[in-house]
Amino acid sequence: MDKLRLDFFDIMGYLIPGSAVLMAIWITADPGIARLQDLYGFLNKITANVILAGFVVAYTIGFTMHFAGSYIFYKMHPKLIKKRVAVTENLPNYWALIREYGDKHLPILDRWQALKALAANMAAFCLIAIFLCCFKWWKQGCWEWLSLIPVFIVLFFAYSNRAKVFAEYLDKDSLAVFDSLKLSEKLPPKA
């Protein structure tokens, strides 16, 4: 247990989006929050113990949400998959060779991957938040919740675009590493 630690991807890709979803669900479920101005009182009742317990739940939610974020991302940007296949039809070996020979380059590639995951998962969070705003409006009858929907729609497209940019950075940098280390020569022959 003493070796348990979170890396950059865990925090950016899972913990932050999971915390956002957990907080949104908690706000939606709390009947004491009827209007947006009630959020101030809600934030004051969060204790350190609640935050610590919430980290485990948030990480789990974020880990699970990553599947939705990835699915939405690739549905919105199918050309990125075609570009990756055009580079090599053997993508698992492509990445295995980069991991084996490109150790100096891995931190920046991991950073692009984590930032892509953060943006894609936050885009998925925005869709969840839209649903939760509708539900909160239906339960509380306060129109303020519906006023948040355009904000989340704009954020959804902004996060989706950011995820695409980070994915392109990841692809370009990984290809540059692959080419500069001449790793194509190490790929197994086509069957």
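## Helix 3 and its kink

In this predicted model, helix 3 covers residues 48-76 and carries a kink of about 30°, the centre of which falls on Met65. Met65 also belongs to the buried residues of helix 3, so the residue on which the kink is centred has under 20% relative accessible area.

The other buried residues of helix 3 are Gly54, Ala58, Gly62, His66, Gly69, Ser70, Ile72 and Phe73. Among them are three glycines, Gly54, Gly62 and Gly69, together with the aromatic side chain of Phe73 and the imidazole of His66.

## Secondary structure and contacts

Helix 3 is one of eight helices in the chain, which has zero strands, and the order of elements from the N terminus is accordingly α-α-α-α-α-α-α-α.

Of the contacts in the chain whose separation is 6 or more, 80% join residues that lie 24 or more positions apart.

## Overall dimensions

The radius of gyration of the chain is 20 Å, whereas a compact globule of 191 residues would have a value near 16 Å. Measured out along the principal axes of the chain, the C-alpha trace spans about 65 × 40 × 25 Å.

## Burial, surface and charge

Of the 191 residues in the chain, 37% are buried, while the area that the chain exposes comes to about 11800 Å², with carbon and sulfur atoms supplying 67% of that area.

The chain holds 21 positive and 15 negative charges, and the mean position of the positive charges lies 5 Å from the mean position of the negative ones.

How values were computed. Residues numbered from 1 in each chain as written. Predicted model: local features only at pLDDT ≥ 70, side-chain atom pairs only at ≥ 80, totals over all residues. Heavy atoms only, no water. Helix = DSSP H or I, 4+ residues; strand = E, 2+ residues; numbered from the N terminus. Rg over C-alpha atoms; globule rule 2.2 N^0.38 Å. Buried < 20%, exposed > 50% of the residue type's maximum accessible area, 1.4 Å probe, protein only. Contact = heavy atoms within 4.5 Å. Areas by Shrake-Rupley, 256 points an atom, 1.4 Å probe, with all protein chains shown as cover. Lys, Arg positive; Asp, Glu negative; His and termini not counted. Charge placed at Lys NZ, Arg CZ, Asp CG, Glu CD. Bend = angle between axes of the 7 residues up to and from the residue.
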